[in-house]
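Visitor: I'm new to looking at structures, so please take me slowly through a single part. I'd like to hear about any empty space inside, and then about whatever helps me place it.

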2 protein chains.
Amino acid sequence: MSSDAPPAKTPVTLREVAFAAGVSVATASKALNGQGRMTAQTRERIRETAQRLGFRPNSLAQSLLRKRSFTVGLLTNDTYGRFSLPLMAGVSDALVDAGVSVFLCNVEDDQRLGQLHVEAMLDKRVDGIIATGKRIDRHLPVDLANLRIPVIYAFTQPDPDAIGFESDDAGGARLAVEHFCALGRRRIAHVSGPASFTVVHERARAYREVLTEHGLPVAEPLLGHWSEAWGHEAVARLFDGTAGRGEKPDAVFCGNDQIARGVIDALRERGIGVPGDVGVIGFDNWEIVAEATRPPLTSVDMNLSALGREAGLALLSLVGGQPAAPGIRKLPCRLVVRQSCGRPPGG
Amino acid sequence: MSSDAPPAKTPVTLREVAFAAGVSVATASKALNGQGRMTAQTRERIRETAQRLGFRPNSLAQSLLRKRSFTVGLLTNDTYGRFSLPLMAGVSDALVDAGVSVFLCNVEDDQRLGQLHVEAMLDKRVDGIIATGKRIDRHLPVDLANLRIPVIYAFTQPDPDAIGFESDDAGGARLAVEHFCALGRRRIAHVSGPASFTVVHERARAYREVLTEHGLPVAEPLLGHWSEAWGHEAVARLFDGTAGRGEKPDAVFCGNDQIARGVIDALRERGIGVPGDVGVIGFDNWEIVAEATRPPLTSVDMNLSALGREAGLALLSLVGGQPAAPGIRKLPCRLVVRQSCGRPPGG
DNA sequence: GATGATTGGGAAAAGGTTTTCTCAGACGAG
DNA sequence: CTCGTCTGAGAAAACCTTTTCCCAATCATC
């Protein structure tokens, strides 16, 4: 299967192939690239020689000539977070098929480091840059505005007139609340993260809209932190009051899975059944959390991997010279149904 | 601060700098690199011209000539996992200071994809490769044995005669158990993951050794899964038996933080106090879990970021031509003390 | 057999940089 | 004034591949 050429200590060049095949480098190049005119026999002989010698063209030389490096930079400030990983996997997945490699650059929140990385990427003649981050409403600490190479933003705030990909958080929230409605829940609460996050407001707006559309009572969303502890506290506020039982929520839509986990734990401690008495839906579909809750958590998935794929493909198309309109593209979320809100009547 | 040159549509070359400064490219090159002989005045004039024009040397051309690309490949099969991220951050951190960029390649567990990526990296003339993964006792699905460029393994099984960096899991386990001993705990249980993991045995061995050294009773470790659910079940086995209270554990050393979380939750459900009645230590120091347990979890940290740094530096030194002995280097873990086992008498 | 078209293949430039070699001029010593 | 040395700077090769242009030989046609 593998060639039985000895493991060369130094890569074999086109010149060597040409010499071994008794032709010029020009002819060898054309033979291997399917260009030029020559007898089928000559072409085949050169191909065989190249194969036998284990020839692989030097990308550096090719890039220098073609002014295209088949390389892109992926800029992120999300070192440890969990959002950028699926996104990066999607990007990588979209690009590997085109033979494009990805420079990973973590800029933290350091402007100096960001500048450093961008310049390094420019020096290495990347064909384009994808910028991604840990917050959809924050800009990376780098200036990518006048770069003469294409830039795509994904899950981070784009420059004006640039192209950005985001999850449709409002749509995701709709999915969750509609799901509750379809199950016959009537008093749906919303517990979310800090007001400083744009997505908190987008989801809250969708929450209100859906409830209004269904003629259900709209409770003011409870804003706090993205933590389990806040989930606990929110349950205390929602369920420990003196209101009659009929006025307590029968569903809680949470801003992320950690809050949802806190909510579920707190409900269980109070002897309130999930999903029997109260349904719970989370956001992010962080499997390791969603599957560890008891019962397993129904959650909104932002399809980050698909988002990364789209960003990668968009960049590829830009690099290829296809024009594309600036603006933000929102990609739909999906609801992953587990067992924390009961099953829909029909399902 | 920034040069007021207009944003060039095409990068400025050395030739243009030389022309603008009225010298040859050779002289320009030497001026900018501090080589050759020329009047200080000429050198300065060329430097200023380069600065003014925003000249940045084309790395591709440099690499082609120097046979050194200032680029390394980072191979991983840990797409979504949490181990490779801190590790990658460490690698990146060690390399960025040397002006080296990192190609991120996710090979999943796909041999074909691995081969593809390795060849792409070789074509792009990376100076070296770092292989990392999600399991310390599994080999990546790629063959890096006879590659003519340096390879370093980190948190994945190395080839024989290669250089690998690993966390000292046995040492980490010792830290945990010694900590319990220092606190006066006498009946220390061990709940860990599946027997198919090498680290499970290493940690269990260290656990037994420390207990023996202290003359304490050694209970057979409970092996199960890396999940919260298993933590619950393990507590049932340990605490629901008919043994007298004096014979039940007063400490549980867990194989990871999720198990530890399950253990703590299960103990609380039984009315057993943590850390009052039973101390709990986890492994991995996954902050998002360790800080969400009630009380916050003391845990062993594998220092993955440092591991990545060391791996990066080792590769750099190898690329620089420094010889290095093959073998596995174990890096120490550290114990992150929170509140799940009480404070040491002295502390 | 002369002319033109076609075929197979090579020479050379290009891409941007580094480095070695070379050379012209200046300068000092005799 | 001549010889040798030193200084400043340029020419050219090298890295490896692709592509354009060109040439010689073959073939078909009249």
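**A close look at the largest cavity**

Guide: Let's start with the wall of the largest cavity: helix 5 of chain A gives the most to this lining, with five residues. Keep in mind that the model is a predicted one. How do you find a gap like this in the first place? Rolling a probe the size of a water molecule over the atoms shows where empty space is left. Here the structure holds five cavities of 30 Å³ or more, and the largest has about 240 Å³ of space in it.

Now, who stands around that space? There are 19 lining residues, and those nearest the centre are A:Leu85, A:Met88 and A:Leu104 from chain A, plus B:Met88 and B:Leu104 from chain B. Zoom out to the elements, and the ones that give two or more residues to the lining are helix 5 (84–96) and strand 2 (101–106) of chain A, along with helix 5 (84–96) and strand 2 (101–106) of chain B. Sort the lining by class and you get eight nonpolar, nine polar and two charged residues.

With both chains in that wall, it's handy to know how they are arranged. Turn chain B by 180 degrees, with a shift of 0.0 Å along the axis, and it can be laid on chain A with an RMSD of 0.1 Å. The two copies are therefore related as by a two-fold rotation axis. The same surface serves both copies, too: 100% of the contact residues of chain B recur in chain A. If you want a marker for the axis, try B:Phe103, the residue of chain B that comes closest to it, with its C-alpha at 2.2 Å.

Before you go, swing the view round to DNA strand D for another surface with both chains in it. Helix 2 (25–33) and helix 4 (59–66) of chain A, and likewise helix 2 (25–33) and helix 4 (59–66) of chain B, each supply at least two residues there. Of the 26 residues around the strand, A:Leu14, A:Gln62, A:Leu65, B:Thr27 and B:Met38 come nearest. By class, this surface has eleven nonpolar, ten polar and five charged residues.

Some contacts are worth finding on screen. The side chain of B:Lys30 has a polar atom 2.9 Å from a base oxygen of DNA strand D. For the phosphates, look at B:Thr42, where a side-chain N or O atom is 2.9 Å from a phosphate oxygen, and at B:Thr39, where a polar backbone atom is 3.2 Å from one.

Technical notes: Residues are numbered from 1 along each chain as its sequence is written. Chains are lettered from A and ligands numbered from 1 in the order in which they are written. This is a predicted model: local features need pLDDT of at least 70, side-chain atom pairs count only at pLDDT 80 or more; totals for chains, interfaces and linings use all residues. Side-chain values use heavy atoms; hydrogens and water are left out. On a 1 Å grid over the protein atoms alone, a cavity is a set of points where a 1.4 Å probe fits but cannot get out, and a pocket is an open set with protein on both sides within 12 Å along at least five of seven lines; lining residues have an atom within 4 Å of a point. Grid points are joined across faces, edges and corners, and a volume is the space filled by probe spheres set on the points. Helices (H or I, at least four residues) and strands (E, at least two) are DSSP runs, numbered from the N terminus. Ala, Val, Leu, Ile, Met, Phe, Trp, Tyr, Cys and Pro count as nonpolar, Asp, Glu, Lys and Arg as charged, and the others, Gly among them, as polar. A residue is near a molecule or strand if one of its heavy atoms lies within 4 Å of it. A polar contact is a pair of N or O atoms within 3.5 Å; within protein, one must be able to donate a hydrogen and the other to accept it, and residues adjacent in sequence count only if both atoms are side-chain atoms. Copies are superposed by least squares on the C-alpha atoms of residues with pLDDT of at least 70 in both. Contact means heavy atoms within 4.5 Å.
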